[in-house]
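Hi everyone, and thanks for making time for this. I'd like to walk you through a structure that may be new to you, so let's put it on the screen.

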Amino acid sequence: MRCSSRADGAEGRSFLSNWLPANDRTSFLQGHLAWHLALIAIEEGDADGALDIYEQHIKPAGRPYPPLNIYTDTASLLWRLSVAGKSGLESHWKDVAAYGDGYFPKAGAHFADVHHALVSATSNNDALEARLAEMAVRDADGKLAPGPAAIGLGRGVAAFAAGDHDNAVRILAPLMPELVRIGGSHAQRELWEDTFIVACLRAGQGRQATGLISERLHRRPSRRDLAWSQEAARQ
């Protein structure tokens, strides 16, 4: 199955709900496919269902999948749940932070680094500042593949997590065209788009996000994007 958010949600949920139990832990992508199923649940407004999928199939404990997959899937799903308004995730964030400290203790794998920013922005600002400083050194040495955009994303999510939505909009707006630099699929990169859109709405600057939302709706249907588009148009 493609790592994409283009498939119809109901069709995707039906396929994955049947495939995952029948192929329990037979693929190293098992957890990532469960992640896609959780994204569909969030899209449909079922945050509790998404968290249940996370607890059963995605959270770090005892998963036989590649560490980068585990770390990025767990961090990004918890962040999406937080953006969707789900509370009570503190223990999960703590578990993911400990996992990341074990497997990605220093800057180096930039896709892990941008996800580290999600974790540390939520739970440990000192760790975030330390990681961003390490990334800045790598950037100065020409070793940070995405360039300074990756550092900017860390600053943007930190502002968002702190409730400083005006600053989050200011930082993230010029970085939206740069997201392709961090790698991953559309579905994975949309996390930062979601964050920017919600920051715009919460800052009363929804019209700044209308172009991006329109592009996304042109690419694939989305109940959430449609609702966000309508909210943005009212601001």
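**Starting from one serine**

Let's begin at S76, which is buried because its relative accessible area is 2%, under the 20% cut-off. This is a predicted model, so please keep that in mind as we go.

Where does S76 sit? You'll find S76 in helix 4, which covers residues 67-83. Leaving out residues up to four places away in sequence, S76 touches W35, H115, L118 and L191. With W35 there is also a polar contact between the two side chains, at 3.0 Å. And if you look towards R189, 113 residues apart from S76 along the chain, the C-alpha atoms of the two are separated by 9.7 Å.

**The whole chain**

Now let's zoom out. How many helices and strands does the chain have? The count is 12 helices and zero strands. Of the 235 residues, 48% are buried. Among the contacts with a separation of 6 or more, 62% are between residues 24 or more positions apart.

How confident was the predictor? The average pLDDT over the chain is 91, and 88% of the residues score at least 70. Do take care with residues 1-7, though: pLDDT stays under 50 there, and the model gives that stretch 15 contacts beyond four places in sequence.

**Back to helix 4**

Let's return to the helix that holds S76. Helix 4 has 17 residues, so at 1.5 Å a residue it should span 24 Å, and its end C-alpha atoms are indeed 24 Å apart. Helix 4 is mostly covered, with 13 of its 17 residues buried. Just after helix 4 comes G85, with a positive phi of about 100 degrees.

One residue of helix 4 I'd like you to notice is L77. Setting aside neighbours within four places in sequence, L77 is in contact with W35, A38, L39, I42, A50, Y54 and I58. L77 also appears in the largest nonpolar core, which has 69 residues. Which members of that core touch the most other members? They are I58, L77, W79, L81, W192 and F196. Helix 10 gives the most to this core, with nine residues. As background, nonpolar side chains tend to be buried together in soluble globular proteins.

**Charged pairs**

On to the charges. Side chains of opposite charge can pair when their charged atoms come close. In this model, the count comes to 15 salt bridges. Let me show you three of them.

The side chains of D48 and K86 meet in a salt bridge, 2.3 Å from N to O. D48 lies in helix 3 (residues 47-58) and K86 in the loop between helix 4 and helix 5 (90-103), so this pair ties together parts that are 38 residues apart in sequence. K86 is partly exposed, because its relative accessible area of 23% falls between the cut-offs of 20% and 50%.

Next, D113 and R131 form a salt bridge, with the closest N and O atoms 2.9 Å apart. This pair links distant parts of the chain, with D113 in helix 6 (residues 110-123) and R131 in helix 7 (residues 125-140), 18 residues apart. Both D113 and R131 are buried.

The third is R220 with E190, whose closest N and O atoms are 3.1 Å apart. Here R220 comes from the loop between helix 11 (210-219) and helix 12 (223-233), and E190 from helix 10 (residues 186-202), 30 residues apart. R220 counts as buried at 5% relative accessibility, and E190 counts as buried at 5% as well.

That last pair belongs to a network of salt bridges linking E43, R80, E190, E193, D194, R216, R219, R220, R224 and D225. Let's stop at E193, which is found in helix 10. Is E193 buried or exposed? At 12% relative accessibility, E193 counts as buried. Beyond neighbours within four places in sequence, E193 is in contact with M176, L179, L212, R216 and R219.

**One last stop**

Before we finish, have a look at helix 9, residues 165-172. Which of its residues are buried? They are H165, A168, V169, I171 and L172. These buried residues pack against helix 8 (148-161) and helix 10.

That's the tour, and thank you for listening!

Notes
Residues numbered from 1 in each chain as written. Predicted model: local features only at pLDDT ≥ 70, side-chain atom pairs only at ≥ 80, totals over all residues. Heavy atoms only, no water. Helix = DSSP H or I, 4+ residues; strand = E, 2+ residues; numbered from the N terminus. Buried < 20%, exposed > 50% of the residue type's maximum accessible area, 1.4 Å probe, protein only. Contact = heavy atoms within 4.5 Å. Polar contact = N/O pair within 3.5 Å; in protein donor to acceptor, adjacent residues only side chain to side chain. pLDDT = per-residue confidence, 0-100. Expected span 1.5 Å × (residues − 1). Salt bridge = Lys/Arg side-chain N within 4 Å of Asp/Glu carboxyl O. Core = buried A, V, L, I, M, F, W, Y, C linked by side-chain atoms within 4.5 Å.
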